[in-house]
Amino acid sequence: MLHRAALRSASVLTVTALTGILFPTTVSAQEQPSLLGDTVKKVVLDPTTYAPAIIAYDATMRDWNSSQPFFRNGYVEHNERFTRTGLPNDLPISYEAGQSRILSDALVTLEISVVNNVADRLFERMLLTRFPDHPKLVRALGWVERGAFASYMSYSLSARHYRQAAANTQRAQQLGFR
């Protein structure tokens, strides 16, 4: 199921990027850029689109990598998503399977972020039409929303993994694991 979600995420991102490339926006002084092309371009170039997925991937991989010395020494995995049976406190899945699962999770996070940023850009455009005398305020509010969403997603998906990776590294050193 997670692989289908990852494939769907990759497909959505690919179609979005190709749409932006194949249908470039042309703008003259009198005309607005096309809704689709302008939205795609802004979402693809916005770092808040990618940050949550990249940060979550990094944190989870650090946790996964720092757990490997324990697995090699007979310890079990507590996170049921990374066990062979799907139950907590069981044998871990292979390193490669864990990497694949972490990548799938990152692609799902990317998909959520893309959807949020597309919705935000469309809402921003609607507000600019409704309040043409306040473009700086509307754009600033859009940037605040995208930044807050990316920050919240990044923190909620990564903080626990960064803490666990640090604890794993410290404990492995104490036990003499490599």
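These are my notebook entries on a predicted model, taken in the order in which I looked things up.

**Entry 1: overall layout**

I began with the secondary structure of this predicted model and found five helices and zero strands. Reading along the sequence, I wrote the pattern down as α-α-α-α-α. I then looked up burial for the whole protein, and noted that buried residues make up 35% of its 178 residues. For the contacts, I considered pairs of residues at least 6 apart in sequence, and among these 68% join residues at least 24 apart.

**Entry 2: the nonpolar core**

Which residues make up the largest nonpolar core? I listed six residues in all, namely M61, W64, F71, F82, I93 and I102. Helix α3 supplies the largest share of this core, with three residues. I set beside this the general remark that nonpolar side chains tend to be buried together in soluble globular proteins.

I looked at two members of the core in turn. For W64, leaving out residues up to four places away in sequence, I found that it touches F71, E77, F82, P92, I93, S94, Y95, G98, Q99 and I102. That list holds other members of the core, including F71 and I102, but also E77 and Q99.

M61 lies in helix α3, and I asked myself whether this residue is buried or exposed. Its relative accessible area is 8%, so M61 is buried, the cut-off being under 20%. Apart from neighbours within four places in sequence, M61 is in contact with Y95, Q99 and I102. I also checked the spacing of one of these pairs, and M61 and Q99, although 38 residues apart in sequence, are 7.3 Å apart in space from C-alpha to C-alpha.

**Entry 3: salt bridges**

How many salt bridges does the count come to? I recorded nine. As general background, side chains of opposite charge can pair when their charged atoms come close.

I took first the pair D38 and R125, whose side chains meet in a salt bridge at 3.3 Å, N to O. This pair links distant parts of the chain, with D38 in helix α2 (residues 35-45) and R125 in helix α4 (residues 95-130), 87 residues apart. D38 counts as buried because its relative accessibility is 13%, below the 20% cut-off. R125, with a relative accessible area of 19%, is buried too.

Next I turned to D46, which forms a salt bridge with R146, the closest N and O atoms being 2.8 Å apart. Here again distant parts of the chain are linked, since D46 sits in the loop between α2 and α3 while R146 belongs to helix α5, 100 residues away. I found both D46 and R146 to be buried.

R146 has a further partner, E124, and the closest N and O atoms of that salt bridge are 3.2 Å apart. R146 lies in helix α5 and E124 in helix α4, so this pair ties together parts that are 22 residues apart in sequence. Through shared partners, salt bridges join D46, D120, R121, E124 and R146 into one network.

I stayed with E124 a little longer. Its relative accessible area is 5%, and the residue is therefore buried. Setting aside neighbours within four places in sequence, I noted that E124 is in contact with V138, R139, G142 and R146.

**Entry 4: the largest pocket**

I then looked up the largest pocket, which has a volume of about 340 Å³. The elements that give two or more residues to its lining are α3 (47-72) and α5 (135-175). Of the 16 residues that line this pocket, I noted D63, S67, E77, Q164 and N168 as those that lie nearest its centre. Which element gives the most to the lining? I found this to be α3, with six residues. Sorted by kind, the lining residues divide into six nonpolar, seven polar and three charged. I also noted that E77, named here near the pocket centre, is among the residues that W64 touches.

**Entry 5: a backbone detail**

Last, I looked at N89, which has a positive phi of about 60 degrees although it is not a glycine. N89 lies in the loop between α3 and α4. With a relative accessibility of 47%, N89 counts as partly exposed, because that value falls between the 20% and 50% cut-offs.

Note on methods:
Residues numbered from 1 in each chain as written. Predicted model: local features only at pLDDT ≥ 70, side-chain atom pairs only at ≥ 80, totals over all residues. Heavy atoms only, no water. 1 Å grid on protein atoms, 1.4 Å probe; cavity = no way out; pocket = protein on both sides within 12 Å on 5 of 7 lines; lining within 4 Å. Points joined across faces, edges and corners; volume = space filled by probe spheres on them. Helix = DSSP H or I, 4+ residues; strand = E, 2+ residues; numbered from the N terminus. Nonpolar A, V, L, I, M, F, W, Y, C, P; charged D, E, K, R; others polar. Core = buried A, V, L, I, M, F, W, Y, C linked by side-chain atoms within 4.5 Å. Buried < 20%, exposed > 50% of the residue type's maximum accessible area, 1.4 Å probe, protein only. Contact = heavy atoms within 4.5 Å. Salt bridge = Lys/Arg side-chain N within 4 Å of Asp/Glu carboxyl O.
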